[in-house]
Amino acid sequence: MAPDSLAAQFQGHLDEFQISLEPSALNYLTSMLAVMSMSDKAKDVRDATEMFLEEADVDPEKINQFYATLSKGNVKISSETLTSLSTSTENPPADPPKPMSAIEARRMKRAQKKAAAAASPSPPTELEPKIVATAQQSRFHRETLVTSSKDIDMQTVNITVNNLDLLVDAHLRLKEGVRYGLVGQNGVGKTMLMRCMADNILAMPSNLNILHIAQLETFDESTTVLNEVLEADKACTTALRDYEALRAILGDTPHSTSSNSAQLNIALHSILISRMETRVIAAQQLAQKRSGARGWDARKAQIVMETEFTALKAQDPQVYVSQDMASDLITDVFDKFALIDLDARKAKARKILRGLGFEEAQVEARVRTLSGGWRMQIALAKALFVGPDILLLDEPTNHLDLPAILWLQEYLINETAGLTLVVVAHDRAFLNAVTTETIILRDKMLKYHAGSFADYESTSEEQRVRKQGLLDLQAKKRAKIAASIQHNVQQARATGDDKRLGQVASRKKKLERLGMEKTEDGKRFKVSYWAGYHTSARADIEMEKAIRTMAIKIPDPPPLRYHGSVFTVKNASFRYPTSDKDVLIDVSLDGVTQPTVGEVYRHPSLRIGYFSQHAVDQLTLTLTPIEEMRSRYPGLSEQECRAHFGTVGVSGNTVLRKIADLSGGQRNRIALAMILYDAPHVLVLDEITNHLDMGTVDRLVEALEGFEGALVLVSHDVWFMKQLMEGEEDDGDDDENDVKEERTFYVVRNGAVKRWEKGMDAYVEAVMKKIKK
């Protein structure tokens, strides 16, 4: 058979089996088959071409029939034959199967994967984001995978989520025992960076225990809050479980007898299986996340571990567990238990829970009885209790009241020695008090500042002022030198003086040397510091642009044309339906919840905008912001929705993305936009700053300062409250007809609402005194 006839026959066979391939794949196959012939083994032809059929999602049985008939020449395949291929597996041959070769085993594995994918349920509506994270695999980094160093130093870190670059060639550096504040605008990828570190997507050093608070947001509903925190320490929990299993057989003495040997062997075999299963799960997770040469090694180790695990489970405990093995394992279990101080563990867990605001009854309550906010505090308590090498806290102050925040602040400062901490928080006072260094995520890069966020802000402002002065001075020098060059050129032409032309050349060289006279660290600039090819003799003075945060505009409410009180509460109390105790007395803030007893009077045209802590949770994650807006206000056009979202700084393609794909701060803006559309007369804002970045909080303060309606704030953010409640004093030049603005603090405690006559600093100081007692 001619060499090119195989290619023609293969292509004709594809048509007979109704298999269509991509044109590029078909061209490649044709050129490859042109140098082959039917004299080659059918197995070689199949090995060279089968992958293209598999990529085209051709049924495995259909592939087998395709190659079985290919070597027999052109065989006409009817539609009945094609249909029967899908049902042929229901009637397998009676002959026993032959041993499979390595290639046949690979084909079978691919077929099983496809069958499993076909049988798996349809994916959920909210899909997991596609994350691609890479970093430079240097020799030093490979060594950190097995050494005891607790520092992280990774070059060229790249993170892409759904084809959107979050980090490009960034430098990730964490030093042991340092408390970092991670800052950046909403949506730049702070949470995603933490996730990639904690989930080992970035292939972090394996000797480090890195914990992200989001990993602890799964709970055992039936256990108590205290036990949930205690069981967060997996190693200790496993040691206790193994000890209890052996203690039930041996008692308090680690010695076996002939009467209990059979039962003991079963218990020891179960402990060995449990330990091996933990190692297998870790190996599987590692093999999934690694790629390249290290991924190949991880998958080989996974296969070996799975084989050993299967063999271990098949062993007879009475035969497998030897006397020496039993003695060693019993000693190991009892030694690990001896190192555990049960009372100290419980005391530490109780201290953390009480510090975060849990009452004694709540500590012993079942997890299922607590709401979402309390569960977030349980997750935070678990993270503090475990005490990993690197702790990643993403907005830990959310859902905490001020006393709990101040306690957490003191705990992180005084009780976490040697622990590396990375905190993302919108609370400036908390961030400045806790952190010692700052990581700035900006322009898809990571920049580092040796100081708190407040120090970074002041230093950045000083640098901008200094460089602006340098730019102004340089502009004056440039103008002066240019004027001198022009004057000397004119004089040289008029008088024919060649010396003037020499001065012109000297002035031009001086003009080229204008630029940075000192480096960023204050050293005198030298050309040797500036490697590479450049178009000028010195580096230009570059001013770092300030981060631009979109402004927030709050619409002024329409006038009510009424001079009396538009909202009045008399002797009002409130209790939850499942409670027999009043939790709030003499006030109702939101205007929606009706008091249990008492009277509430409101103007019939009064509109109240209520932003609750759960306003973001009420958004439909599968919709886009525009779809969510139009579902609440059906008459709006897309352009009107875009215009309204623009008033809260949400614009561009952001309004076309699913709400599930937006960051917490972006969702907060969306929820605020929904409330502001009706132009409320009274704004009740409950923890509005949650998830917002620093710049957005600044813009929000500016917008609320200009709001013409009434404002009720509930917030744990000390800086935010001070900006709005302790603003600049009036200068006395206001018009006599202007309504005097009243700013008052109220403290809610023990069911009562009392006026606080002192300032915010005095309240913080009073709370701190109680915490330190």
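Me: How many helices and strands does the secondary structure of the protein chain come to?
Reply: Happy to start there. This is a predicted model, and 40% of its 773 residues count as buried. The secondary structure of the chain comes to 27 helices and 17 strands.

Me: What share of the residues score a pLDDT of at least 70?
Reply: Confidence varies along the protein chain, so let's begin with the weak spots: pLDDT stays under 50 over residues 74–100, and also over residues 113–126, where pLDDT is the predictor's confidence in each residue. The chain as a whole averages a pLDDT of 78. The share of residues that score at least 70 is 76%.

Me: How many contacts beyond four places in sequence does the model have for residues 113–126?
Reply: For residues 74–100, the model has 22 such contacts. For residues 113–126, where pLDDT stays under 50, the number is six.

Me: Which helix gives the largest share of the largest nonpolar core?
Reply: The largest nonpolar core has 48 residues, and among those that touch the most other members are Ile554, Phe611 and Phe720. Seven residues of this core come from a single helix, residues 664–676, and that is the largest share. The helix is H24.

Me: Which residues does phenylalanine 720 contact, leaving aside its neighbours within four places in sequence?
Reply: Phe720 is one of the residues that touch the most other members of the largest core, as are Leu700 and Leu704. Leaving aside its neighbours within four places in sequence, phenylalanine 720 is in contact with Ile688, Thr689, Val697, Leu700, Val701, Leu704, Leu713 and Ser715.

Me: Is H15 parallel or oblique to H18?
Reply: Helix H15 (residues 342–355) packs against helix H18 (residues 402–414) with the axes 9 Å apart and an angle of about 135 degrees. Lys348, Lys351, Ile352 and Gly355 of H15 make the contact with Ala404, Trp407 and Tyr411 of H18. By class, these are four nonpolar, one polar and two charged residues. Because of its angle, H15 is to H18 oblique.

Me: Which residues of H27 make the contact with H26?
Reply: The axes of helix H26 (residues 718–725) and helix H27 (residues 760–772) come within 10 Å and cross at roughly 150 degrees. Therefore H26 is roughly antiparallel to H27. From H26, the contact is made by Val718, Met721 and Lys722; from H27, by Met760, Asp761 and Val764.

Me: Is glutamate 395 buried or exposed?
Reply: Glutamate 395 lies in the loop between strand E6 (390–394) and H18. Its phi is near 55 degrees, a positive value in a residue other than glycine. Its relative accessibility is 10%, so glutamate 395 counts as buried.

Me: Is glutamine 18 buried or exposed?
Reply: Glutamine 18 also sits in a loop, between helix H1 (5–16) and helix H2 (23–33). Although it is not a glycine, glutamine 18 has a positive phi of about 55 degrees. Its relative accessible area is 61%, so glutamine 18 is exposed.

Me: What is the relative accessible area of arginine 749?
Reply: Arginine 749 is found in strand E16 (residues 745–749). Leaving aside its neighbours within four places in sequence, arginine 749 is in contact with Tyr763 and Lys770. Arginine 749 is partly exposed, with a relative accessible area of 41%.

Notes:
Residues numbered from 1 in each chain as written. Predicted model: local features only at pLDDT ≥ 70, side-chain atom pairs only at ≥ 80, totals over all residues. Heavy atoms only, no water. Axes fitted to C-alpha atoms, helices over the stretch in contact; angles between N-to-C directions. Helix = DSSP H or I, 4+ residues; strand = E, 2+ residues; numbered from the N terminus. Parallel < 35°, antiparallel > 145°, perpendicular 65-115°, else oblique. Contact = heavy atoms within 4.5 Å. Nonpolar A, V, L, I, M, F, W, Y, C, P; charged D, E, K, R; others polar. pLDDT = per-residue confidence, 0-100. Core = buried A, V, L, I, M, F, W, Y, C linked by side-chain atoms within 4.5 Å. Buried < 20%, exposed > 50% of the residue type's maximum accessible area, 1.4 Å probe, protein only.
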